[in-house]
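Reader: Could you take me through the charged side chains and the enclosed space of this model, one question at a time?

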Amino acid sequence: MPQRHSKNNNDLAFFTYDEKRKLGYGTQKERLGKDSIKPFDVCCLCLKPFIDPMCCQRGHTFCKQCILECLLAQKKDNQRKLAAYTAQQKQEKEEAEEKLMQQKARELDAFDQQNHGAVPQYNDRNQSRDKNGFHGANSVKVTSYEEEALRTMKAFWLPSATPEAPVKAGAPSSSTFCPEGNEKLKLKSLFPIHFTEDNSEQKKSKSYDVSYICPSCKVTLTNTMSLVALSTCGHVFCKKCADKFMAVDKVCLVCNKGCKVRDLVNLEKGGTGFAGHGDSLEARDFKHLGSGSGLGLVRPAMKT
């Protein structure tokens with residue numbers, strides 16, 4: 001009889017390591033494919049091949065129309081928040097003035113009662129009643145106590161007596177931000193970029209898709225290459241040519257326009273909020289056993 005092993009040991013009250021792996025529990029890893037990575041010639045907002053591409057100083061590329069609409073929407077949102085903040089400040093100022101007037105009125109009433117005494121509001125002590133139906137001099141105190149109790153009562157089961165938390169809007173920011181990198185972005189900091197298309201006869205006969213090449217070494221640009229754009233003229237090169245020639249000669253290899261090292265902008269590789277990017281092209285997910293229900297709960301794996 002063969003020796004019992006953890007893979008065929010099914011009489012335990014708990015799952016073994018091999019059984020958990022077969023059920024899909026634990027940290028699952030999967031290599032991201034091409035469909036999960038944004039191509040370098042695609043807009044970061046509409047995820048389509050860009051038209052009239054614009055680039056920020058951090059290397060994020062957008063369609064001209066997409067980034068202008070995004071910045072305009074942010075400005076309108078900032079104006080709306082500023083109007084709400086101004087109205088809130090005005091309301092708080094009015095409430096503070098009203099509280100100050102009420103406090104002065106209470107102090108004046110207290111001073112008047114202290115010097116002249118309380119005057120009863122009834123004629124016959126035995127038969128007359130006030131409008132609330134209470135007898136005697138305690139009617140004013142009872143009525144005010146009940147009104148205060150109803151006003152300050154915190155009963156969650158009564159909609160009219162449910163306490164409300166005041167929502168205060170903070171001072172809004174007047175700046176616009178990059179939708180990809182979340183850094184401050186102005187319209188004047190954007191610059192147009194120009195890719196060199198591959199117009200060779202061999203490429204035309206093979207495919208109708210547009211492909212781009214480095215104007216210096218004539219190598220086809222792909223997601224695996226690091227790209228550099230010049231903020232002065234907008235031409236795009238591979239990083240090897242940029243470091244080898246333009247960083248030394250301080251001139252563009254296409255239009256011979258002068259440039260500096262700070263004008264070399266590294267274009268960000270593909271990736272958005274819906275796709276992986278960078279050097280870590282591995283997706284992870286952690287799945288653990290649910291307590292009592294027998295179902296597995298899924299939560300994102302912790303970043304290391």
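Reader: In which helix do Asp-77 and Arg-80 both lie?

Author: This is a predicted model in which local features need pLDDT of at least 70, side-chain atom pairs count only at pLDDT 80 or more, and totals for chains, interfaces and linings use all residues. Residues are numbered from 1 along each chain as its sequence is written, and side-chain values use heavy atoms, with hydrogens and water left out. Asp-77 and Arg-80 are three residues apart, about one turn of the helix, and the element that holds both (helices being DSSP runs of H or I of at least four residues, and strands runs of E of at least two, numbered from the N terminus) is helix α2, residues 64-116.

Reader: Which residues are joined into one network by salt bridges that share partners?

Author: A salt bridge here is a side-chain nitrogen of Lys or Arg within 4 Å of a carboxyl oxygen of Asp or Glu. Asp-77 meets Arg-80 at 2.5 Å, N to O, and Lys-81 forms a salt bridge with Asp-77, the closest N and O atoms being 3.7 Å apart. Outside this group, Asp-243 and Lys-239, which are four residues apart in helix α5 (residues 239-249), meet in a salt bridge at 3.8 Å. The network made by shared partners therefore consists of Asp-77, Arg-80 and Lys-81.

Reader: Is Arg-80 buried or exposed?

Author: Buried means under 20% relative accessible area and exposed over 50%, with partly exposed in between, using a 1.4 Å probe and protein chains only. Asp-77, at 28%, counts as partly exposed, and Lys-81, at 38%, is partly exposed too. Arg-80 has a relative accessible area of 53%, so this residue is exposed.

Reader: How far from Lys-38 is the nearest side chain of opposite charge?

Author: Lys-38 is found in the loop between β1 (26-31) and β2 (53-55), and its side chain reaches the backbone oxygen of Val-42 at 3.2 Å. For charge, Lys and Arg count as positive and Asp and Glu as negative, while His and the chain ends are not counted. Lys-38 is buried yet has no salt bridge, and the nearest side chain of opposite charge, that of Glu-180, is away by 6.7 Å.

Reader: What is the distance between the end C-alpha atoms of residues 68-107?

Author: UniProt lists residues 68-107 as "coiled-coil region" in an unreviewed entry, and such annotations may be inferred rather than shown by experiment. In the model the span is 100% helix and 0% strand, and its end C-alpha atoms lie apart by 59 Å.

Definitions and conventions:
Polar contact = N/O pair within 3.5 Å; in protein donor to acceptor, adjacent residues only side chain to side chain.
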